[in-house]
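Work through the following exercises with the sequence and the 3D structure side by side, and try each task before reading its solution.

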Amino acid sequence: MPAVTDDVAAVQGASATSSTMGAGLLFAVGGALSFALSGPIARGLLDTGWNAVAVVLIRMGLAALVLLPFGLRALRADWQVLARTWRTITAYGLLAVAGAQFCYFSAVARMDVGPALLIEYTAPAAVVLWLWLRGGQRPGLVTIAGAMVAAVGLVFVLDLLSGGARVDPIGVLWSLGAMIGAAAFFIMSADTDNGLPPLSLAAGGLLVGALALALLAATGVLPVAYAGASATYAGHEFPWWAPLLALGVVTAATAYVLGIVGTRILGSRLASFVALSEVVAAVIFAWVLLGQLPSRMQLLGGVLILAGVVLVKLGEPRPLGPELELDVA
């Protein structure tokens with residue numbers, strides 16, 4: 001009878017783990033889809049005369065206003081958490097939020113979107129390397145194979161084989177900065193030991209990022225350019241405030257919360273590879289909103305990226321489940 005009870009408990013534990021992982025994937029994919037909208041929406045504003053500083057500043061400011069009440073409520077008046085983690089929040093806001101966004105939009109302003117995205121999305125490899133060097137989590141052969149398959153898929157999705165991409169050295173440096181910011185997002189978002197709720201981390205990071213960028217803009221270090229012209233998406237014109245509202249609420253506030261929750265469930269390595277689906281989604285959104293039709297090669301690349309994510313998942317180390325705990329006991 002005890003053996004049967006142990007078997008039932010093991011099955012229930014495995015089912016709960018599977019359900020949790022499924023929820024984590026949904027959160028991570030939802031965050032990736034939300035982030036994917038930022039490029040096409042921002043491009044519509046940049047084409048009317050806005051610059052990256054103005055777009056990123058308003059995007060982060062709106063998102064911070066939306067999330068701040070929820071972030072404070074999530075703390076449950078435990079202000080000691082803020083006293084312990086203010087350095088984490090500051091670093092997150094400067095690197096994972098302001099740095100990643102500003103560097104990416106600055107890169108796109110100087111070079112083609114394809115090469116800029118490819119360089120930024122070497123972040124998963126940087127995460128794997130960081131976890132290996134810092135945490136001793138050596139990647140297995142399956143994980144390495146998944147990374148290689150996903151990298152090939154990115155080359156196809158970004159259409160780099162045609163030879164028509166324009167690469168700018170300064171743009172490459174901006175893209176590398178975006179890569180560092182993206183890697184910081186996954187590594188810092190996966191930290192569950194700091195006691196910060198996901199809503200509080202997202203709200204605090206966005207607030208710090210917005211204030212830092214506002215300070216640089218106010219002192220003239222970073223020039224701000226904006227325009228009042230309507231932005232065009234899918235052949236329809238929208239007032240300038242509409243895409244800004246979407247950038248702040250959907251592609252920032254919603255995206256960061258979903259991304260942090262998904263990363264804490266999946267871990268930084270797997271979540272960073274799942275986020276590669278953002279590139280596929282960005283291609284689709286660019287097709288729908290900006291009329292940029294993906295090719296068959298890009299569609300094939302999307303399939304390869306998904307295959308790479310599956311391989312990385314299969315290569316993840318298995319956590320100690322209830323059945324293993326019973327064996328040890």
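A residue counts as buried when its relative accessible area is under 20%. The model used in these exercises is a predicted one.

**Exercise 1.** Describe the protein chain as a whole, beginning with its helices and strands.

*Solution.* The protein chain contains 14 helices and two strands. Turning to burial, 45% of its 329 residues count as buried. The accessible surface of the chain comes to about 16200 Å², and carbon and sulfur atoms hold 69% of that area. Among the contacts with a separation of 6 or more, 89% are between residues that are 24 or more positions apart.

**Exercise 2.** Determine how the rings of F35 and Y256 are arranged, and say which helices the two residues come from.

*Solution.* A search of the whole structure gives ten aromatic pairs. For F35 and Y256, the ring centres lie 5.0 Å apart and the planes meet at 90°; since planes over 60 degrees apart count as edge-to-face, the pair is therefore edge-to-face. The next step is to place the partners along the chain: F35 belongs to helix 1 (residues 2–36) and Y256 to helix 10 (residues 241–266), so that the pair links distant parts of the chain, 221 residues apart. Finally, compare each relative accessible area with the cut-off of 20%: F35, at 13%, is buried, and Y256, at 3%, is buried as well.

**Exercise 3.** Examine the pair of F185 and Y256 in the order of geometry, position and burial.

*Solution.* The ring centres of F185 and Y256 are 5.8 Å apart and their planes stand at 70°, so this pair is edge-to-face. F185 sits in helix 8 (residues 169–189) while Y256 sits in helix 10, and the pair therefore ties together parts that are 71 residues apart in sequence. Both F185 and Y256 are buried. Y256 also takes part in a cluster, in which ring pairs link it with F35, Y92, F185 and F186.

**Exercise 4.** Find the span of helix 4 from its first C-alpha to its last, and locate its bend.

*Solution.* Helix 4 (residues 79–110) has 32 residues and reaches 43 Å between those two atoms, which is close to the 46 Å expected at 1.5 Å a residue. The helix bends by about 65° at T85.

**Exercise 5.** Is S38 buried or exposed, and which residues does S38 touch?

*Solution.* S38 lies in helix 2 (residues 38–46). Its relative accessibility is 8%, so S38 counts as buried. Leaving aside residues up to four places away in sequence, S38 touches R59, F105, L247 and T251.

Technical notes
Residues are numbered from 1 along each chain as its sequence is written. This is a predicted model: local features need pLDDT of at least 70, side-chain atom pairs count only at pLDDT 80 or more; totals for chains, interfaces and linings use all residues. Side-chain values use heavy atoms; hydrogens and water are left out. Rings of Phe, Tyr and Trp (its six-membered ring) pair if their centres lie within 6.5 Å; planes under 30 degrees apart count as stacked, over 60 as edge-to-face and the rest as tilted. Helices (H or I, at least four residues) and strands (E, at least two) are DSSP runs, numbered from the N terminus. Buried means under 20% relative accessible area, exposed over 50%, partly exposed in between (1.4 Å probe, protein chains only). Contact means heavy atoms within 4.5 Å. Accessible areas come from the Shrake-Rupley method with a 1.4 Å probe; for residues, only the protein chains shown count as cover. The expected span of a helix is 1.5 Å times one less than its number of residues. The bend at a residue is the angle between axes fitted to the seven residues ending there and the seven starting there.
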